[in-house]
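Dear colleague,

I am handing over the structure we spoke about, and below it you will find my notes on what turned up in it. Please read them with the structure open beside you.

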Amino acid sequence: MGWCSRRRAREGDPPSLAVAPGSQAEKRLLEESFGKIFTEPEPQGWHCAKRLLRNLKPLGLYLRSQSLRFGEDWIFLFLLGISMATISFGLDVVTSKCQRANLWAYDELEGHRHLQYFSWTFYHVALMVGSAAAAKYISAQAAGSGIPELKVALRGVVLHEFFTWRTFLAKLLGVICTLAGGSTIFLGKVGPFVHMATILATLLGKVMVWYTGATENPSRKYELLIAGAAVGVACCFVAPVGGVLFGVEVTGSHFAVRDYWRGFFAATCAALTFRLLAVLNNTRETVAVLFRTSWRVEFPYDLPELLSYAILGSFCGGLCCVFLFCHRNMLMVFQKRPKINEFMKNNRILYAGVVSLVLASLTFPHAVGQYIGARLSMKELLETFFNNMTWGREEAPLGSAAPQPLNLTHDAHWLRWTHSDLSVLEMLALFLVAKFFMLLAATTMSVPAGYFLPVFVYGAALGRLYGELMAKIFPNGIITDGIHMQVTPAGYALAGAAAYSGAVTQTISTALLTFELTGQMSHILPVLVAVLIANAISQRLQPSFFDGIILVKKLPFLPKLSVTKSGGHNIYAEDFMVTDLKYLTRGSKFKDLRALLSSSALKQFPLVDSEESRVLLGSVKRKHLSERLSDQLSAERRLQYLLSQSDGAARPQALELNGCAEKGQKSETSEEKEGPSLDATKTSRTEGTEEEEEPLRRVAAGGGDRLSEREKHVRYHSMVEEWECRQLQEPLRLDELPVDPAPYRLLEKETLYECHDLFSLLGLHTAYVTDMGRLVGVVSLKELKSAVEGCVKGTFVSRAPQQSSGLEDEQEMKVLVDHRLNGSLV
């Protein structure tokens, strides 16, 4: 210490204050002294690096300015498209190699049935356990498809950790394991890739905001999510046009035309990158469609066949309704049964392992699997279903041939549908029955997976069976004007795939998606006929697959209001609004504010002129009100009051505590009831911990050591109650609060259709109902949703004045959504 003092004096520094030995001040002084003497040397080349960065800074600023002149949106969309296409292609390569390795190990164990069974089942069980583990331990938001949650997010609801890197990583790892299971697990990748594309769009959007120096806004985020959804579909099917339209139909109820170019540009970049990577990897000889077809183009079908395609659409729509009904009710049963629900939540990995074991056992190639094409992947299944050959005609020369070879060529995959014991029609029928229940079981697993590709393959199988039946009924073709028109079963497979998948998702763009997949445009009219009929049946009887998941999870999303329901034009906002209002006035005091926050859990409150007029002036958010009340009752202000009281004589004033004491008791009880809604206010009263309250009590006692501890305690609390009562009696100054002067308003005579459109377009959660500027009611998402459901079901009843507000707090909604997402089955 002396050495440091002599050194400082020698340098001419001002003399330091006396420092106690061993104190914190001495320690800091020693650290500063030694830090000045023993400075860490800079690494070699550091000065050169700094000089280089300084010289390159003008170049970086120039490149940034030029890129901003070109348009940051183009750069962002280009990066999004090529990134997702690269991930999609790499995932396809990895999963294909995993499936080939599984078949190689299975074939190497030929002659050892038990070992083959163990190898087959262990492979699929291990993959699904890994997928479920990724969703459980990395990010719970990665489970399921992600499209239902994305629909809710596009409506303005904030989902915790839904657009994060952790979720992206968990989704990617999980979907790799899921797809590697092949047709045994019978799940796809469209939903996960839509989710991952939106996550990447959100993260890239933040980077672009930092790069350009702009500010984030909700409308910008909506545009990014729409572009991400289009890219997610396009990089799966290499279908830019169908991908954009399908993404719009699935994720949004409304779409801005200005976002079309973003979706098309990003989807085109993704599709082009995917096809170029296929050529570079020698997977394809040239840039071509995924599934090549060789159908005749001159006369692909005749007019009487349109009726046959319409019947196929009816079959697809009816079977789709059965599937949707079974799926939704099965999930509801799992959630309503406490024991089953608890088991599913706590044993997701075990459940995934058990389900995958059952599925692998059913598809064991030397058992039932040999009749349902278990060795074929999802892509190979589609290739066989779109094959132009008529299987029923081609299998006749085969007769009861010897067992088929294990390693078949690409063109001979259809031979998997020939067997000496069963005909082609029987094998296709068995495939449809088995996959119907297998898909229902697979959708209950809490793993990252998509559900569009399985129903697309299932629809192709249904159409192929129908086409083979038509070819068997009309072996010489359909005769028109003496001309024999041969039946093309592959055309029915194409129509079945589009119709069934379109009915499950309740979209029309699946027709265009199939045309881009196959490059076959000759069947536009019959495919559209089948898709429209299947959609009409499905939309009339059942909600879509993704809407069913939203219903099961009880996510905050408005149901569709059918345009054919004329009753919606006779229902007005006054029929379902809430009239028991919680509001602030110009003359409100802090005690009124405290009572309002204690009695209500709303996130924003209307501000009116007075109790009598109730002219709506604006709205104030709850967090601003809580902060203002917390500042008014802060510990610093309380300490200043106690210090001012201790300076003068002890003034046991004749407190106006007849009402104040009761107010203090009521405030304490109300704080106990309100729970987390008044955290900011409660901390103002209780933030004085033991080490802080002790000096306050000494101040309140006025230094009188003669007082007993009990007297000090009573005096301290009486002074605090007096001070708090005075603070609560002060008027609330509105100029200190950020007031929204133009909250969303509705008129009493706004129809249900108009209210539904406003809430859907603007993503509203609350709107105030006014009459000549006077606040008469309020409509929240809850009231509107119940009114729409009542209108659709025909059970709507006009509301009487309510005793309690039906509004839902958005903060509680967010917590509820996160809880249901983490505990959901899908």
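Accessible areas here come from the Shrake-Rupley method with a 1.4 Å probe. On that basis the accessible surface of the chain comes to about 39700 Å², and 59% of it belongs to carbon and sulfur atoms. Please keep in mind throughout that this is a predicted model.

As for the overall build, the chain has 826 residues, of which buried residues make up 50%, and its secondary structure consists of 34 helices and eight strands. If one takes the contacts between residues at least 6 apart in sequence, 79% of them join residues that are at least 24 apart.

Two helix pairs may help you find your way around. The axes of α7 (residues 165–180) and α9 (residues 190–212) come within 10 Å and cross at roughly 150°, which makes the two helices roughly antiparallel, because angles over 145 degrees are counted that way. Their crossing is left-handed, and the residues that meet there include Trp-165, Phe-168 and Leu-172 from α7, with Pro-192, Met-196 and Leu-203 among those from α9.

In the second pair, α20 (residues 489–505) and α21 (residues 510–518) have axes that come within 8 Å and cross at roughly 140°, and α20 and α21 are therefore oblique to each other. This crossing is right-handed; on the α20 side the residues involved are Leu-494, Ala-498, Ser-501, Gly-502 and Thr-505, and they meet Thr-510, Ala-511, Thr-514, Phe-515 and Thr-518 of α21.

I also looked at the cysteines. How many disulfides does a search of the whole structure find? The search finds zero, and Cys-236, for one, is in no disulfide, since the nearest cysteine sulfur, that of Cys-235, is 4.5 Å away, whereas a disulfide requires two such atoms within 2.5 Å. Cys-236 has a relative accessible area of 8% and is therefore buried, the cut-off for buried being under 20%. Cys-791, at 10% relative accessibility, counts as buried too.

Finally, His-765 sits in the loop between α32 (752–762) and β7 (766–771). Is His-765 buried or exposed? With a relative accessibility of 12%, His-765 counts as buried. From His-765 to Tyr-744 the separation is 21 residues in sequence and 9.8 Å in space, C-alpha to C-alpha.

With best wishes

Note on methods. Residues numbered from 1 in each chain as written. Predicted model: local features only at pLDDT ≥ 70, side-chain atom pairs only at ≥ 80, totals over all residues. Heavy atoms only, no water. Buried < 20%, exposed > 50% of the residue type's maximum accessible area, 1.4 Å probe, protein only. Helix = DSSP H or I, 4+ residues; strand = E, 2+ residues; numbered from the N terminus. Contact = heavy atoms within 4.5 Å. Axes fitted to C-alpha atoms, helices over the stretch in contact; angles between N-to-C directions. Parallel < 35°, antiparallel > 145°, perpendicular 65-115°, else oblique. Left-handed = near helix turned anticlockwise from the far one by under 90°.
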